Amino acid sequence: MTSTSTSTSTSAETTLVGTTAEVERTGATGAAKAWSDSMVLLKRNVIHGIREPIEPMLSLMIPIMMMLLLGYVFGGSITVPGSANYREFLIAGIIVMVMAYGLSNTASGMARDTEKAVYGRFRSMPMAASALVTSRALYEMIRGVVETVIVIAVGLLIGWQWHNDWGDFFSAIGILLLLRLALVWGGILLGLTVPAEAVSPIVYPLVFPLTVISSSFVAPERMPEWLGVAAEWNPITSVVNATRELWGNPGVGGDSWIVQNAQLMAVVWPLVLLVLFVPLSIRRFRRVSA
Amino acid sequence: MTTTGTAIVAKGIRKSYGSVQALDGFDLTVTTGTVYGLLGPNGSGKTTAVKCLTTLSGFDAGSAEIAGFDVTRQPDEVRKRIGLTGQYAAVDEILNGRENLVMFGRLYGLTARAADRRADELLEHFDLVEAAKRSVVQYSGGMRRRLDLAASLIQAPEVLFLDEPTTGLDPRSRNQVWSGVRALVKAGTTVLLTTQYLEEADQLADRIAVLDNGKVIAEGTADELKSRIGGDQIDVVLRSEDDLERAAEVLRRIGGGEPQIEPDDRKISVVVSGARIAILTEAVRALDDAGIHAEDIGVRRPTLDEVFLGLTGRRAGEPELEATSS
Ligand SMILES: Nc1ncnc2c1ncn2[C@@H]1O[C@H](COP(=O)(O)OP(=O)(O)OP(=O)(O)O)[C@@H](O)[C@H]1O
Ligand SMILES: [Mg+2]
């Protein structure tokens, strides 16, 4: 069976020119065109990620290194309430750290999308402008899923497990990805606000303390009192605590309201951030693309 | 010639960047199926004009229509009908050449199959088949420009904008671009191109507008413009500096204006009109009769600088004198 292609180019002259009507178009408009444009740009983002892997690798490797270092070097000397397994305690915090560091790639990616000369070409074409943001958000969520899978795999290798049912397992994943979604929109907002080179110097000094002043590595109860309160109210703490609860991993103690309602707050915090970041990002993008 | 529609109409466009008035009442009318040259020195507003006409930039006042659609109110209709090659190559650096063209094709609304086919055709035409699978980072400047041009032709645009399309190209690539433009126009595309070279505008454009400080200061065919400033130039380089005065005297009689003397180069230039060879022969003979030894003599098109001097009484880039009255 042969199904040969019917299209053949004739001469150089007719290939170069021709009228607009001769070019076969999908005819998609509105939301359909916006979606198809998003998919085209998503593919571009994926190719970028595969061909230029250093930057995204770093934001994944740093937390994984931290998990191995803390787990094996300090693991013996740090005691967690209720259990002796520090490595089991660590993993939730490490995944959240990966989600948070990812913000840097999101922001620099978004900044580059709107800075580079190719952006000028995009804007001279009948492309849905929103596709630039949608494709970025989709790509960053896919990356978040892949990274979560990688950290979980490494976790399993070093002896982490979850102790509850699959429902709880996936609820925790859902909570982690909800946080990721909120941070993605934070990254989009940042990327639309500052140039790409400014992203890392802003994100890392901000995100590193945020991940440490939380329940990720030590219990807030053991911090100086004012710092402990700040750590407990850190959205990262709620997500980390909720994840540990759902996976049946050792957690931190505390009887404040915020600690007692970790699972509720693990949903509320990201939603609050989304309500803040999404409209601001859209407004910012309208201004940038005006 | 059946219809003589207008492909581009711009009326009184004003656009400022902070305190810089990049366009200051820019007017333009381009007939469908013709090549229009926008000629101007650095900073005169060429790129800004292209950006405004291609929906990339909004503007403060005025209006513009491309192929009958209003740039401000119907940007999507305009975008479906134009192609743009900006001053700097606007392609994705990480993707390879083919991936770029397919991506742009899809974003133009082509079906996946049409986008693939179009990419292959254009790669072929622009001599990029071998480089098609290489990442654009590895392309030379000229290859990038060619890919950029290919991208602007994906949807076979009704109106094509080229912002300094040949800057940075070697003579061979430049000729490819020129012949490409001619082929497009033959098939009915309207082309607006900007350039700093009168030579290029002269070669390609049916009409030319000279842009200065965001305004069109002269408009017409290449011949009309040249006759306004006196046409071609004869350059004479003398063997001896002592002959400068006498040679200038001789050339004044042949040329149409006051000869410009550059003593350091032992060079005299004068504007001439009429058949180029005849006038050159006349100049050679007259200098010879006067016993003046010329080291070099030639006739050439005026440079942009000289066009400027002729039109404005100042060199391109020099500030305007308030006192000068036209
Ligand atoms: N994005 C911008 N921000 C501020 N000023 C700008 C911007 N773009 C252009 N200008 C200014 O507007 C004026 C016109 O610039 P434009 O780029 O249109 O000139 P041009 O004729 O294309 O010059 P060139 O031959 O150098 O490309 C210049 O004075 C320039 O400094
Ligand atoms: Mg320019």
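Visitor: Why is Thr47(B) called partly exposed?
Guide: Thr47(B) has 24% relative accessibility. Buried means under 20%, and exposed means over 50%. The value of 24% lies in between, so Thr47(B) counts as partly exposed. Keep in mind that this is a predicted model.

Visitor: And what makes Gln87(B) partly exposed?
Guide: Its relative accessibility is 22%. That is not under 20% and not over 50%, so Gln87(B) also counts as partly exposed.

Visitor: What makes Thr47(B) and Gln87(B) donors of the magnesium ion (ligand 2)?
Guide: Their distances do. OG1 of Thr47(B) and OE1 of Gln87(B) lie 1.8 to 2.1 Å from the ion. The cut-off for this metal is 2.8 Å, so both atoms qualify as donors. Water is not among the atoms, so the site may look incomplete.

Visitor: Where in chain B does this pair sit?
Guide: Thr47(B) belongs to helix H1, residues 46–53. Gln87(B) is in the loop between strand S6 (82–85) and helix H3 (97–107). The two are 40 residues apart, and the pair links distant parts of the chain.

Visitor: Why is H1(B) described as largely enclosed by the rest of the structure?
Guide: Six of its eight residues are buried, so the description holds. They are Lys46(B), Thr48(B), Ala49(B), Val50(B), Cys52(B) and Leu53(B).

Visitor: What comes just after H1(B)?
Guide: Thr55(B), with a positive phi of about 70°. Thr55(B) is found in the loop between H1 and strand S4 (61–66) of chain B.

Visitor: How do you know whether Thr55(B) is buried or exposed?
Guide: Its relative accessible area is 8%. That is under 20%, so Thr55(B) is buried. Leaving out residues up to four places away in sequence, Thr55(B) touches Val71(B), Pro75(B), Val78(B) and Arg79(B), and also Arg123(A).

Visitor: Which residue forms a salt bridge with Arg121(A)?
Guide: Asp148(B). The closest N and O atoms are 2.8 Å apart. The cut-off is 4 Å, so the pair counts as a salt bridge. Between chain A and chain B the count is three salt bridges.

Visitor: Which helices of chain A supply at least two residues of the side that touches chain B?
Guide: H1 (12–16), H2 (30–51) and H5 (117–123). H2(A) gives the most, with eight residues. By type, that side of chain A divides into 13 nonpolar, eleven polar and eleven charged residues.

Visitor: How many residues does the contact take from each chain?
Guide: 35 from chain A and 48 from chain B. The area buried between the two chains is about 3700 Å². Carbon and sulfur atoms give 59% of that area. There are also 13 residue pairs in polar contact across the interface, counting pairs with both residues at pLDDT 80 or more.

Visitor: How many helices and strands does chain A have?
Guide: Twelve helices and zero strands. Of its 290 residues, 51% count as buried.

Visitor: What makes Asp127(B) partly exposed?
Guide: A relative accessibility of 44%. That value is neither under 20% nor over 50%, so the label fits. Asp127(B) is in the loop between helix H4 (112–125) and helix H5 (141–152) of chain B. Its phi is near 65°, a positive value in a residue other than glycine.

Visitor: Why is Asn213(B) partly exposed?
Guide: With 41% relative accessible area, Asn213(B) falls between the two cut-offs, so the label is partly exposed. Asn213(B) is in the loop between strand S9 (207–212) and strand S10 (215–220) of chain B. Phi of Asn213(B) is positive, near 50°.

Methods
Residues numbered from 1 in each chain as written. Chains lettered and ligands numbered in written order. Predicted model: local features only at pLDDT ≥ 70, side-chain atom pairs only at ≥ 80, totals over all residues. Heavy atoms only, no water. Contact = heavy atoms within 4.5 Å. Buried area = accessible area lost by both parts, 1.4 Å probe. Salt bridge = Lys/Arg side-chain N within 4 Å of Asp/Glu carboxyl O. Polar contact = N/O pair within 3.5 Å; in protein donor to acceptor, adjacent residues only side chain to side chain. Helix = DSSP H or I, 4+ residues; strand = E, 2+ residues; numbered from the N terminus. Nonpolar A, V, L, I, M, F, W, Y, C, P; charged D, E, K, R; others polar. Donors = N, O, S within 2.8 Å, 3.2 Å for Na, K, Ca; no water. Buried < 20%, exposed > 50% of the residue type's maximum accessible area, 1.4 Å probe, protein only.
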